[in-house]
Amino acid sequence: MNSLLKILVCCTILFSCHSHAQGVFTTQASGNWDSPSTWTLSSGADSDGIPDDDDDVIIGNHNIAINVNAFCNSIRCIGALSGSSIINVKNGIKLMVYNDIIVEPNDNYDVNVFIDGIGEIETNNLQVGLSFIDNTFPNTTRLTTLNISNISYLKINGNLISTTPVNTNPVAYNESRIRHRSGTIDLYGIFDIQVGNPGPSGLGYRTDNSSQGDSYIIIRNGVPNISGTGQTAPTFSGGTIEFNTTATGTYILPVLVYKNLILNSNRTFRTTNAIMKINENGKLYLTKGTLFAQSAGAALGFDNNTEIIISSGVITNADQHRPRLTNINNKIDVTYNEKSTAITTGKELIPVFNNIPVSSALRNLNINNSNGIIVNNLIQTENLNANITTGISGSGNIKISNTLNIQDNTQLSMTDNILTLSSTSENTARINQLSTTSEIFGNIKVERYLPNNKRQWRLLTAPLKGNSNNSVYYNWQNNGIDDGFTGAEIWGPDGNWDFGFDGNGLVLINNSSYNLRKFNNNSGTWSNVTNTINENLFEETLNKGFLFFVTHPFLSGTDFSGGFYSDPLSTTLIASGQLITGNVNYSNILNNKFYLIGNPYASPIDFEEVLAEPENSGIDKVWFIDPTIGTLGSYVTWQEGVGFSNVNSSFNGNSSLVFQSGEAFFVRATTTTSTLTIKEAHKTDGVTNTTLNRNTNQSNTTNYELFRILLEKQIENNFVNADGCVVAFYTGGNNEVDSADGNKLSNPGENIALVNSTSLLSIEHRNSIETNDFLTLRISNATVGTNYKLKLYTENFEFDGYAYLQDLFLGSTTEIPLDGSVFEYEYQITENTASTGSRFKILFQNTALSNSEFTASDFMLYPNPVNANESFTIKFHSKANEVGSFDCKIYNALGQLIQNNHLDVVNGSITIPLISNFKSGAYFVEILNTLTQTKTTKSLIIE
């Protein structure tokens, strides 16, 4: 017999075997398929009491477990009154049905059938209800339901059939439905869904069930006969449908709502109706083929939190094919999966609402293609996620508004400046923490938005490095391009910038100073930036910090004739260079000089975590400018345990100090020389743009007794924060100035500082309080004729004595509460120089002061300040003290007696020579009336 004949004979025998059943088996009990006790032989012959590949099977009100590979010719599931037919295929097991699985309707009861388990089933046709319209059945309305749950794979070589016949007199329906909750159906035939008029809706194939899982149906037929409207329309709103066929040409997608839609054929898929959409949290997979919209109004719609996943498929690159948002606030994601070549991005990245592009709709742009993407348009996304070593090229630009995420062991290469980390009043984009095996290649644009509701000094930097196009002019002055919204106006008294002539990059303002200054960490001194074209914004390996008075965008603040526009404007600084990544080390930080550092990363950093590193133990304080304090900005000092010198600073954090991308700050060593390392691990997501800082509340978490001092200035009818300082009392604290204390950096506006010998401090550490201890406050740069307010309060205070505020100018003494409540004291600066400077003293006593001490007489010291080894005069204001005997004692800021004189006053004044070896600093002159035993104290500055 030749080979062809053998094949024909074998095929004939196989067809015959599967066309003519030998026996009919009916279930008699729930049980295993391979157990004879499960079955009864209804007709025909059989040898072992178990259905075989040529037998028909009827399953009634029983649960049949398929625990071995099984075969049969066909299965009829008939259910029962108040019962169900259940086919449960175990894991790794396959049930082969050579003909059809039929869920048979019944005129007397509803039929429920369950296909369950996580095994496999293969059949020819799957039929629910009758296979044709029969208006004589049923006599009453009956529901026939097939529930498909958890089956891992159900292959249908033929058709999926669901029919609802109608009995018109009386009206009754055989309501047939397929509830596909989970598992995969692989359909090679068509959707043969029939409904006789006027059959009900909500039947046929359903994935909108109350307990819907991850159902998946694969359509292999090129023309699957899926209706998009009416009673025969299936429901894909809760599951996944994949069109996967070798057919070519155009296929019109059914007008339905989809959860997950997979286009996986080399053909054109056309949309023709605007009600088509991807459901919330759903996905569109463009694995192969082309998605084509008939018109702009017929483009596929996208609910919120949907995703477009592209491999080799594309959306036709025309405006009418953009994804259509169902709500203007919807967010979508786009993912580019692996492809053999780079993927050119299209209009999928710019969805529309009412045919108007919505640039803010793209939430995540995910790159999973190792061959990269090509971008030729302006794109905006919240997050860009490089999940694989890849590249981004093209002539366009991607503006990232939130985060650039680079996965571990991943390298991202990009065309220079194709990425922009954008910054707005709402947010500033950042780079996530990079592992030691992750790298970024190519220049990137970094923006820093600056709100300007007033004129303020800031410590600023650009978190970039590089040795080309790295000047201040090229970056923060837009390389001479004026767009009215970005860059910064930089000026000086010798500015010579003119249109078409860059000059020194500065704009002339008559009688001005320079608004951009740089700091030399070696000498510890400031100098003006007098030429922005020659001044590098960053260096080849590291960024630089600057003191910058930013008021306007580039070329928007002056009239080019030496005049200046007073109304400030917000602006955005833009710089381009290489990102600084990995650990960054700073060396040779001294204890006698400040050291300026620019946040090296395009990300906020948690500086408390920086200082907590063992290798950074030589540094415990940081100084920075808060532009919200005062009229021009103010320095604030932070120290672990003490917190902020100005507790009302907008930098206050719950448990940490966060510096933003683009911020700079000062540190200083506590030992002779120290180093500082900032690590990728110190990055945080605490982004804020109000003043380049975080805005929450700081609490004292140590055993320090804190005495906080705030200075406020009256502007119009409101008192606003101007400056602050803090004292920490504890056992073992040193009343002398040492490395634990925080030196005061002078503000351009008002200053308040603690005076200790010749040092001005923003944070002072002192030993536990003893009676007669006192603090000296020095106020400078105050405005004559202006009202100010001191706000004093304690934290964690255990001293059980009394505290008093002594106004040495007015000669008044006021008790300060020590229970944590805020004590406020208003005063005014006059033409008299004694109304400012070291005007206030805080005195601590174990017992309360007497009434006479509260009403001590007033006197005046002049000159004040006075040169050392010269004389000063005491002039009494009270007639009662114009003649009398007095003791005059001069103390230093530590309370040590330096000079003691007995005075006999005869005409209301007396001159005192300074005969001791006085050093420059603040001192206190105490006058005791020996007759009345009243005393008054005034501050005296010796230069």
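This is a short tour of a predicted model, one selection at a time.

**Stop 1: the main core**

Start with Ile-392, Leu-404 and Leu-419. These residues have the most contacts inside the largest nonpolar core, which has 117 residues. Now keep Leu-419 alone and show what surrounds it. Which residues is Leu-419 in contact with, leaving aside its neighbours within four places in sequence? Coming from earlier in the chain are Leu-384, Ile-392, Asn-397, Ile-398, Ile-400, Leu-404, Leu-412 and Met-414. Ile-444 and Lys-445 complete the list. In soluble globular proteins, nonpolar side chains tend to be buried together.

**Stop 2: another core**

Next, select Leu-711, Leu-761, Leu-818 and Phe-844. They are among the 30 residues of another core, which lies apart from the largest one.

**Stop 3: strand S72**

Select residues 837–845. This is strand S72, and 9 of its 9 residues are buried, so the rest of the structure largely encloses the strand.

Add residues 774–780 to the view. This stretch is strand S67, which pairs with S72 in the antiparallel sense over 5 bridges. To find one bridge, pick Ile-779; its partner in S72 is Gly-837.

Then add residues 802–807, strand S69. S69 and S72 run antiparallel and are joined by 6 bridges. Here, pick Asp-807 and look across to Phe-840, its bridge partner in S72.

**Stop 4: an open sheet**

Move on to strands S73, S74 and S77. In what order do the 3 strands form their open sheet? The order is S73-S74-S77, with antiparallel pairing. S73 (859–862) and S77 (909–913) stand at the edges. Each has a single partner strand, so one side of each is left without a neighbour in the sheet. On average, neighbouring strands of this sheet are turned by 20 degrees against each other, direction ignored.

Zoom in on S74, residues 871–876. S74 is joined to S77 by 5 bridges, and the two run antiparallel. Select Phe-872 to see one of the pairs: its bridge partner in S77 is Ile-912.

**Stop 5: two cysteines**

Finish with Cys-72 and Cys-77. How many disulfides are there in the model? The count is 0. For Cys-72, which is in no disulfide, the nearest cysteine sulfur is that of Cys-77, 9.7 Å away. Cys-77 is in no disulfide either, and the nearest cysteine sulfur to it is that of Cys-72. A disulfide here needs sulfur atoms within 2.5 Å, so this pair, at 9.7 Å, does not qualify.

Are these cysteines buried or exposed? Cys-72 is buried, with a relative accessible area of 0%. Cys-77 also counts as buried, at 1% relative accessibility.

Methods. Residues numbered from 1 in each chain as written. Predicted model: local features only at pLDDT ≥ 70, side-chain atom pairs only at ≥ 80, totals over all residues. Heavy atoms only, no water. Core = buried A, V, L, I, M, F, W, Y, C linked by side-chain atoms within 4.5 Å. Buried < 20%, exposed > 50% of the residue type's maximum accessible area, 1.4 Å probe, protein only. Contact = heavy atoms within 4.5 Å. Pairing = 2+ DSSP bridges. Helix = DSSP H or I, 4+ residues; strand = E, 2+ residues; numbered from the N terminus. Axes fitted to C-alpha atoms, helices over the stretch in contact; angles between N-to-C directions.
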